[in-house]
Amino acid sequence: MSLDLSTCGLRAAKKQRTRESLSLAAVTIVATDGIDALTAERIAAEAGVSRRTLFNYFPRVEDVLTASMEEVTRTTVAAFVARPADEPLRRSIVEVLTGLLDDPVFVQAFALERAADTSPATRRFLREFGDSQIDAFETGLRDRLGADADQVYVAALAACTGAILTRMTRLVVAQTPAAEPTDGAVAQRHRTWIRQSFDLLFTGFDEAGATRHSHLEEN
């Protein structure tokens, strides 16, 4: 029996579209009514599928909301680790984070940030997700810097990176309350502010402190 690759490809594409429809439905619900309104029944109805279909793709309701963002976080961290080893950390971080703004998931982040203004539960959700992002950034920094990475440096830089991404998104939302997240001017402002933030940050984050050896030499 031969495998029909075209059929497999169509099936995979259909599954991906269904996942994207479910994720978009979840974000739309939260953006409109807050995270308290997020139920399996409502997501399924918004996406035009059955409740059973939803749980075939996602084990928990919350996963519908986070799946695409988590996937992009993993991709972003992998892209950071794959940057040239001799490239300055600041440039590597800025390049991958500003590249993230071109991903459709930015529209979701924008919508959730707006919803958080009037929904404490959505704000708590974003804080918890932000913590998971910082964990991912920290792992990526360790992988990039290797066994000699200074743990204090890594933890501090990961925390600052997560805070910059979160706070700059919040600032863009606050400064452009009526703008569409797909507006190129909004994304450009976001890029500019992220670059500016890291320019400020790295006046204190001397990369000479990234490895334990540097501290030993000082002492």
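**Salt bridges, core and helix packing in a predicted all-helical model**

The side chains of Glu95 and Arg195 form a salt bridge, with an N to O distance of 3.7 Å. Because Glu95 belongs to helix H5 and Arg195 to helix H9, this pair ties together parts that lie 100 residues apart in sequence. Both partners fall in the intermediate accessibility class: Glu95 is partly exposed at 30% relative accessible area, and Arg195 is partly exposed at 35%. The coordinates are those of a predicted model, and the values reported here were computed from that model.

The protein comprises ten helices and zero strands. Read from the N terminus, the order of elements is α-α-α-α-α-α-α-α-α-α. Along the principal axes, the C-alpha atoms fill a box of roughly 65 × 55 × 30 Å. Of the 219 residues, 43% count as buried. Among contacts with a sequence separation of 6 or more, 69% are between residues 24 or more positions apart.

In soluble globular proteins, nonpolar side chains tend to be buried together. In the present model the largest nonpolar core contains 60 residues. The members that touch the most other members are Leu38, Ile43, Leu65, Leu157, Phe198 and Phe202. At least two core residues are supplied by each of H1 (5–33), H2 (40–47), H4 (61–81), H5 (89–100), H6 (105–116), H7 (120–145), H8 (151–175) and H9 (184–201). Helix H8 provides the largest share, nine residues. The surroundings of Ile43 were examined further. With neighbours within four places in sequence left aside, Ile43 is in contact with Leu22, Ala25, Ala26, Ile29, Leu38, Leu54, Val61 and Val64. One of these partners, Leu38, is also among the core residues that touch the most other members.

Side chains of opposite charge can pair when their charged atoms come close. The model contains twelve salt bridges. In addition to the pair described at the outset, one joins Arg42 to Asp33, and the closest N and O atoms are separated by 2.6 Å. Arg42 has a relative accessible area of 31% and is therefore partly exposed; Asp33, at 43%, is likewise classed as partly exposed.

A further salt bridge links Asp117 to Arg123, with the closest N and O atoms 3.7 Å apart. The two ends of this pair are classed as follows. Asp117 has a relative accessibility of 57% and so counts as exposed, whereas Arg123 is buried, with a relative accessible area of 11%. The pair is not isolated, since Glu113, Asp117, Arg123 and Arg170 are linked in a network of salt bridges.

Two members of this network, Glu113 and Arg170, also appear in the contact of H6 with H8. Two packed helices are described by the angle between their axes and the distance between the axes. The axes of H6 and H8 come within 10 Å and cross at roughly 70°. Angles of 65 to 115 degrees count as roughly perpendicular, so H6 and H8 are roughly perpendicular to each other. The contact involves Phe110, Glu113 and Arg114 of H6, together with Thr169, Arg170, Val172 and Val173 of H8. By residue class, the contact of H6 with H8 consists of three nonpolar, one polar and three charged residues.

Note on methods: Residues numbered from 1 in each chain as written. Predicted model: local features only at pLDDT ≥ 70, side-chain atom pairs only at ≥ 80, totals over all residues. Heavy atoms only, no water. Core = buried A, V, L, I, M, F, W, Y, C linked by side-chain atoms within 4.5 Å. Buried < 20%, exposed > 50% of the residue type's maximum accessible area, 1.4 Å probe, protein only. Helix = DSSP H or I, 4+ residues; strand = E, 2+ residues; numbered from the N terminus. Contact = heavy atoms within 4.5 Å. Salt bridge = Lys/Arg side-chain N within 4 Å of Asp/Glu carboxyl O. Axes fitted to C-alpha atoms, helices over the stretch in contact; angles between N-to-C directions. Parallel < 35°, antiparallel > 145°, perpendicular 65-115°, else oblique. Nonpolar A, V, L, I, M, F, W, Y, C, P; charged D, E, K, R; others polar.
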